[in-house]
Amino acid sequence: MSLFAIGDLHLHFQSECPAPMQKTDPVWRNHTQKLAANCARLMSDDDTLILLGDHSWGKNLTQCQRDFQYIMDLPGRKILLRGNHDQFWDVGHTARLNVCYAGKLFFLQNNFAVYRDYALVGTKGACFEGPFYLDKKGRIRDWDHASEAKAEALVRREITRLRLSFEAARASGYNRFLMFLHYPPTNLLERTSAFTALAEEYGAHQVVYAHSHGEAVYHSSIEGNFRSIDYSLVSGDYLRWIPKKLLD
Ligand SMILES: [Fe+2]
Ligand SMILES: [Fe+2]
C-alpha cells in the first residue's frame, strides 16, 4: 500500500484546450497515455493517488464526464484537490460532489482524508505570481502591487479553509499531517509564507504542490527539506507523468 501524487492533468476529452503549451511542448504529447501506463506499472488498487488540481479544461460537470472517467479508470483510490482552472468545482458544492462520486472520487476541500495514521489536508492555496518587472539582467526590480494585494486577500481566505481542515482532523484524533496545495507555497519574492507557517504550526511532515508548468518556473518555490518539512512539486509535466510516491 503506497501513497502517490501528481497534478495538472489538464484533461480535455470533451472540451477545448486553450493552452498553446499543451499543443506544442513535446512533454504534453500523448500525456494521458503516458500517465495511464506509468500508473498501471507503478500502482495497484490498494494504493492512493492524490491529484493536485487543474484536472480538466471542462467548464462544467457535463464537460468533465470523460475526464473523470479517465481518472476513475486509473488504479487505486483517487483524491482530488481544487486547482485554479477547475471551473466545474464550486467550492460551496464540495459536499455534493462527494455524494455524487462516493466510492469513486474524493474531493478534498474543507474536509480531510486519511492514509494510514496520517490526515491528508489540502486546499487550492494562492500566491502572487506577478506581473514582475525585470531589469536588463533579468533581475526583479518591481512588481504589480495591486495584484499582490489581491493575492494576499486570497491567501488569507485559503489559510482559513486549510486551518478548518487541520482542526477537523485534529478533533478526530489525528496528529500526523500531509498538506496539499495546488499553488506553490511561496512565490519568487518569498522564502516563507502563511502556508509554510501553517505547515510548521501543525507539524506537517510534507507539503506537496503543483501548478508550475515549464522549466522557467519549476524551481520557483521550496523544494526538499526546509525547517524539518519535505516540500515537493508534482505538476505532471515536471514529473514527466510519473506519479511521485510520497509514503509506503
Ligand atoms: Fe496547471
Ligand atoms: Fe494551476
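Visitor: What radius of gyration does the protein chain have, set against a compact globule with 248 residues?
Guide: Keep in mind that this is a predicted model. A compact globule with 248 residues would come out near 18 Å. The protein chain agrees with that, because its own radius of gyration is 18 Å.

Visitor: And what box do the C-alpha atoms of the protein chain fill?
Guide: Picture the box taken along the principal axes. Inside it, 38% of the 248 residues count as buried. The box itself is roughly 50 × 45 × 30 Å.

Visitor: How many helices and strands are there, and which strands form the open sheet of six?
Guide: The protein chain has six helices and 13 strands. Six strands make up an open sheet with mixed pairing, and the twist from one strand to the next averages 25°. Reading across, the order is E5-E6-E9-E10-E12-E11.

Visitor: Which are the edge strands of that sheet?
Guide: An edge strand here pairs on one side only. That description fits two strands, at residues 113-115 and 224-226. They are E5 and E11.

Visitor: Which residue in E12 stands opposite Tyr209?
Guide: Start with strand E10, residues 206-209, which runs parallel to strand E12, residues 229-233. Four bridges join the two. Opposite Tyr209 you'll find Leu233.

Visitor: Which strands does helix H5 lie across?
Guide: H5 covers residues 145-171. Its direction is at about 165° to one of those strands, the one at 118-123. The other strand spans 177-181, so to speak of both by name: E6 and E9.

Visitor: Why do the buried residues of H3 line one face of the helix?
Guide: In H3, residues 65-73, the buried ones are Asp67, Phe68 and Ile71. Residues three or four places apart on an α-helix point the same way, because there are 3.6 residues a turn. Seen down the axis of H3, the buried residues line one face because they fall within an arc of 100°.

Visitor: What do those buried residues pack against, and which exposed residues sit on the face turned away?
Guide: The buried residues of H3 pack against strands E2, E3 and E4. The face turned away from the buried side carries exposed residues. Those are Met72 and Asp73.

Visitor: Which element gives the most to the largest nonpolar core?
Guide: Nonpolar side chains tend to be buried together in soluble globular proteins. Here the largest nonpolar core has 56 residues, and Leu52, Leu120, Phe177 and Phe180 touch the most other members. Phe177 has contacts including Tyr118, Phe166 and Tyr202. With five residues in this core, the element that gives the most is E9.

Note on methods: Residues are numbered from 1 along each chain as its sequence is written. Chains are lettered from A and ligands numbered from 1 in the order in which they are written. This is a predicted model: local features need pLDDT of at least 70, side-chain atom pairs count only at pLDDT 80 or more; totals for chains, interfaces and linings use all residues. Two strands pair if DSSP finds at least two bridges between them. Axes are lines fitted to C-alpha atoms, for helices over the stretch in contact, and angles run from 0 to 180 degrees between N-to-C directions. Two residues are in contact if their C-beta atoms, placed from the backbone, lie within 7 Å. A residue is buried if 20 or more other C-beta atoms lie within 10 Å of its own, exposed if 12 or fewer, and partly exposed in between; C-beta atoms are placed from the backbone. The arc is that of the directions from the helix axis to the C-beta atoms. The radius of gyration is taken over C-alpha atoms; the globule rule is 2.2 Å times the number of residues to the power 0.38. A nonpolar core is a set of buried Ala, Val, Leu, Ile, Met, Phe, Trp, Tyr and Cys residues joined through C-beta atoms within 7 Å.
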